[in-house]
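Visitor: Could you take me through one part of this model closely, one chain and what it touches, and set it beside one of its neighbours where that helps?

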Amino acid sequence: MSDAVIENGKTQTNQALESRKSSQKKIFLLVLLAVLLLFPLTQFVVGGMNYWLHMLLFTFMYIAMASSWNIIGGYAGYTSLGHNVFFAIGGYFTGVLLVYFKISPFLTAPIAGIIALLVGLVVGLISLRTKGSAFIISTIALMMLVKISFDNWDYIGGTNGMSTPLLMLPVEVVKFPFYYYLLAIAIAAVYLSYRVRHSKFGLGLRAISQDETKAEVAGIPTNWYKILAFALSGLFVGVAGGLWGYYLTYLRPNIFLTVLIAAQMVLMSVLGGKGTVAGPIVGAILFIAIDEFFVANLGFTMLNIAATGLLLALVLLFFPRGIVGTLKERGKLPVFLDWD
Amino acid sequence: MTILEIDNISAGYGSGPNILKGLSLKVEQGKTYCVIGPNGAGKSTLLRAICGLLHPRSGRVTYKGEDISKSRTDEILMKGISFVPQDRSLFPDMTVKENLRMGGYILKDRKELDQRIEKVLTMFPILAERSSQHSKTLSGGEQQMLAIGRTLVLQPEIIMLDEPSLGLAPKITQQIFEMVSFLKESGMTVILVEQNARKGLEYSDWGCVLDLGTNRFEGPADTILNDPRIQELYLGKRRNNGQEGAE
Amino acid sequence: MTQTLQVLLFGVALGGVYALMASGLTLVFGVMRIVNISHSALMIFAAYIAFFAFQNYSLDPILSIFITMPVMFLMGVAIYKIFFSSIKSTERTGELTVLLTFSLALVLEGVMGYLWTNVYRSANPSYATEAIFFGPFFLPKGQFYATVLSVAIIILLWLFLKYSRIGYAIRATMQNQAAAQVVGVNVERMAMISFGIGIALAGASGSLMSYLFTFYPGKHWEWIAILLSLIVLGGMGSLAGALVGAFLLAIASALVGYHFGPTWSPITFFLALFLILLVRPQGLLGKKMEA
């Protein structure tokens with residue numbers, strides 16, 4: 001239902017209810033933001049919080065990536081299985097500038113995002129001429145193309161990759177800049193997702209995801225919309241990648257260009273509810289929690305891969321609308337998750 | 001003698017609404033039935049429900065006294081009911097002969113199958129001429145002939161045709177209806193769904209008007225053909241003094 | 001000149017093996033419109049079976065085909081039953097099956113990696129290192145056997161599809177599923193059998209792969225991209241297309257490897273895949289795969 005229809009159908013009591021809900025949501029956001037901003041300070045109070053800082057900033061990054069993937073995969077309905085390409089491009093871009101030109105990724109990461117956006121535009125122009133499973137396969141082809149090219153490119157270290165210098169800060173605060181930066185990125189990515197969802201553009205994307213031919217016939221410039229969605233979906237993934245290499249202190253094709261990261265982006269969005277604003281966020285948090293549980297208890301990355309696959313299959317077969325989607329369908333969606 | 005009885009059936013596709021809503025029809029052996037009606041009335045659905053591509057949600061389909069409502073298509077084929085769907089449904093990259101072979105797919109006896117294929121080719125010399133051509137290279141009329149020939153491999157008792165003249169030129173349409181006559185003369189029971197209602201009724205014994213999922217009118221074909229109400233609703237303009245009205 | 005011909009010979013020999021690998025994938029697509037992303041992971045699984053049979057029981061990898069094919073056939077049937085028989089055919093089926101087979105591939109990779117680690121493996125029967133000479137040209141013996149065997153299996157497959165009753169039913173289902181139903185074909189059962197056959201072909205490929213290439217669980221992504229490029233070029237759903245695509249790209253990649261270095265030869269496939277999807281998604285001989 002479009003917002004216009006809802007607007008016209010409101011009665012006075014409904015309006016009062018709506019505004020109460022919306023202030024509830026605003027309060028929720030403000031409280032959440034305050035908690036997240038202040039959290040690192042517990043390092044000075046309690047100490048030894050580096051593990052939690054890591055988990056949180058890791059979560060912020062995945063929230064940003066899942067929300068971004070959702071723009072093309074959820075809103076437009078075009079599943080991209082090669083999205084880690086943007087991640088790699090971002091990472092290597094800032095990495096090269098750091099290693100060869102000593103410029104800090106904190107400065108270059110946004111540019112890495114723009115580069116990812118531009119790459120998305122160019123690639124989108126080509127590969128969005130295909131639809132359905134053909135498109136999905138083309139994203140895999142793209143990813144393999146980039147992987148082989150990076151593997152063979154000596155300037156960036158080929159298969160061995162490059163190591164990046166460590167950020168010189170005391171160990172208690174070394175994670176702080178990454179924490180806040182990634183928090184900012186997460187907020188920006190979610191905000192982008194929200195704005196897209198509530199725009200004419202977003203409406204057009206949803207039409208495309210339901211029936212592209214009808215959307216075209218209705219006058220929606222489907223080609224441009226798809227390409228724009230694809231490009232936007234790469235933006236913050238690129239920025240995140242730009243920081244991640246710095247955080248890890250090394251860049252390697254088989255870290256950045258494994259399908260696992262692409263698979264995780266898909267899984268998080270689908271699990272949480274693709275096509276919704278809150279879905280990818282819920283999915284990211286849940287996924288990381290489950291992931292930690294597996295790693296902590298089982299400690300083998302290979303089972304990690306198997307578990308990701310299994311989880312994805314189960315969600316696809318039994319739970320295709322994801323958590324947020326299913327709750328919404330049943331009318332049980334809590335207010336703080338209702339952002340669509 | 002009633003060979004097929006459709007008793008108050010309701011049916012629909014997937015989890016969708018009922019297309020057939022309490023439809024009943026008695027089919028007598030050796031007669032030709034023409035089912036007409038507007039689009040969406042359920043004509044194709046009826047045929048699919050009879051031959052097992054669709055199972056009725058309520059009611060019964062009985063063939064020679066046996067309840068076939070829940071039977072599988074191959075079982076129903078084996079018992080003697082054949083179906084030619086709309087758009088013929090041929091196998092485009094198979095030859096005429098291979099298509100005929102597929103017609104007899106449920107026959108396990110290879111020799112018997114070969115004999116029957118030969119018989120059909122004798123019946124339709126044009127098909128014999130083209131027997132090693134891929135079916136997609138045949139003309140529209142020839143394809144329809146092949147589709148009918150394919151059902152004859154099983155020597156059915158009842159043959160059901162879903163809009164056999166669809167998309168064919170008038171001259172070919174005439175040939176198709178002559179084939180229907182031929183089937184009739186061979187003693188088969190024919191159930192015909194036709195958009196070309198006038199022509200269909202001309203070649204049939206009994207007419208049945210479907211609308212909104214039920215059997216609205218039925219009666220001898222020429223009665224239906226000449227009934228002014230039906231003419232107006234389903235056949236186009238009224239006839240005036242024997243002049244043909246616009247279709 | 002001799003060098004080029006030699007390279008061409010390698011390409012042709014490899015083409016035969018690639019064709020066998022691709023045949024299973026394209027058969028499954030042709031019958032059910034399923035793009036099975038896990039095909040190569042299943043191939044690698046079979047390769048492990050062959051490898052361990054060789055290592056622990058000295059079973060010749062080529063002979064292991066008699067084990068891998070039936071085992072993988074059953075596995076294929078099981079996979080079909082678990083994943084695909086419950087899915088209703090809607091417009092989004094194409095995408096859904098891609099994602100499902102994608103997740104299956106992940107599961108296989110993870111399990112194999114857990115059981116057998118990421119160590120590079122390769123069986124080395126004696127013929128893997130010997131060569132046969134044809135005048136000034138040579139071919140590794142193992143490669144030669146593999147090519148002959150691949151072509152033989154493909155011919156058997158073709159004969160089966162063309163002349164057996166089930167073969168007829170499968171072809172009918174591929175060409176017109178609705179019509180097949182009308183003549184009494186149990187389409188569900190044909191789909192299941194075809195899937196089984198497709199994976200059995202992956203099994204045979206895996207046996208050959210065990211000594212022809214080095215393999216490890218993670219390699220399946222590269223392989224699936226390669227196989228997809230072959231069948232997309234040749235035309236999804238067409239066996240003849242798989243042959244054509246396999247030979248064309250095998251030769252092309254051999255030439256690329258010769259001129260630019262072996263690490264670049266895989267790029268031929270991915271570039272080709274990308275380009276064909278744009279220019280002519282149905283390939284040379286096949287059907288459209290859009291959902």
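Guide: Two residues are in contact if their C-beta atoms, placed from the backbone, lie within 7 Å. With that cut-off, and bearing in mind that this is a predicted model, chain B can serve as a background: among its contacts between residues at least 6 apart in sequence, 65% join residues at least 24 apart. Chain B contains 10 helices and 10 strands, its C-alpha trace spans about 50 × 45 × 35 Å along the principal axes, and 47% of its 247 residues count as buried. A compact globule of 247 residues would have a radius of gyration near 18 Å, and because chain B has 18 Å, the two agree.

The part to look at closely is chain C, which has 11 helices and 2 strands, arranged along the sequence in the pattern α-α-α-α-β-β-α-α-α-α-α-α-α. Its C-alpha trace spans about 55 × 45 × 35 Å along the principal axes, and its radius of gyration of 18 Å agrees with the value near 19 Å that a compact globule of 291 residues would have. Of those 291 residues, 59% count as buried, and among the contacts in chain C between residues at least 6 apart in sequence, 77% join residues at least 24 apart.

Within chain C, helix α2 covers residues 39-57, and its 19 residues reach 26 Å from the first C-alpha to the last, close to the 27 Å expected at 1.5 Å a residue. Since a residue is counted as buried when 20 or more other C-beta atoms lie within 10 Å of its own, the burial of this helix can be put in numbers: 15 of the 19 residues of α2(C) are buried, so the helix is largely enclosed by the rest of the structure. Just after α2(C) comes Ser58(C), which takes a positive phi of about 55°.

Turning from that helix to the contact with chain A, 36 residues of chain C and 35 residues of chain A take part. On the side of chain C that touches chain A, the elements giving two or more residues are α4 (93-116), α9 (220-234) and α11 (265-279) of chain C. The largest share of that side, 17 residues, comes from α4(C). By residue type, the side of chain C that touches chain A divides into 27 nonpolar, 5 polar and 4 charged residues.

Methods. Residues are numbered from 1 along each chain as its sequence is written. Chains are lettered from A and ligands numbered from 1 in the order in which they are written. This is a predicted model: local features need pLDDT of at least 70, side-chain atom pairs count only at pLDDT 80 or more; totals for chains, interfaces and linings use all residues. Helices (H or I, at least four residues) and strands (E, at least two) are DSSP runs, numbered from the N terminus. The radius of gyration is taken over C-alpha atoms; the globule rule is 2.2 Å times the number of residues to the power 0.38. A residue is buried if 20 or more other C-beta atoms lie within 10 Å of its own, exposed if 12 or fewer, and partly exposed in between; C-beta atoms are placed from the backbone. Ala, Val, Leu, Ile, Met, Phe, Trp, Tyr, Cys and Pro count as nonpolar, Asp, Glu, Lys and Arg as charged, and the others, Gly among them, as polar. The expected span of a helix is 1.5 Å times one less than its number of residues.
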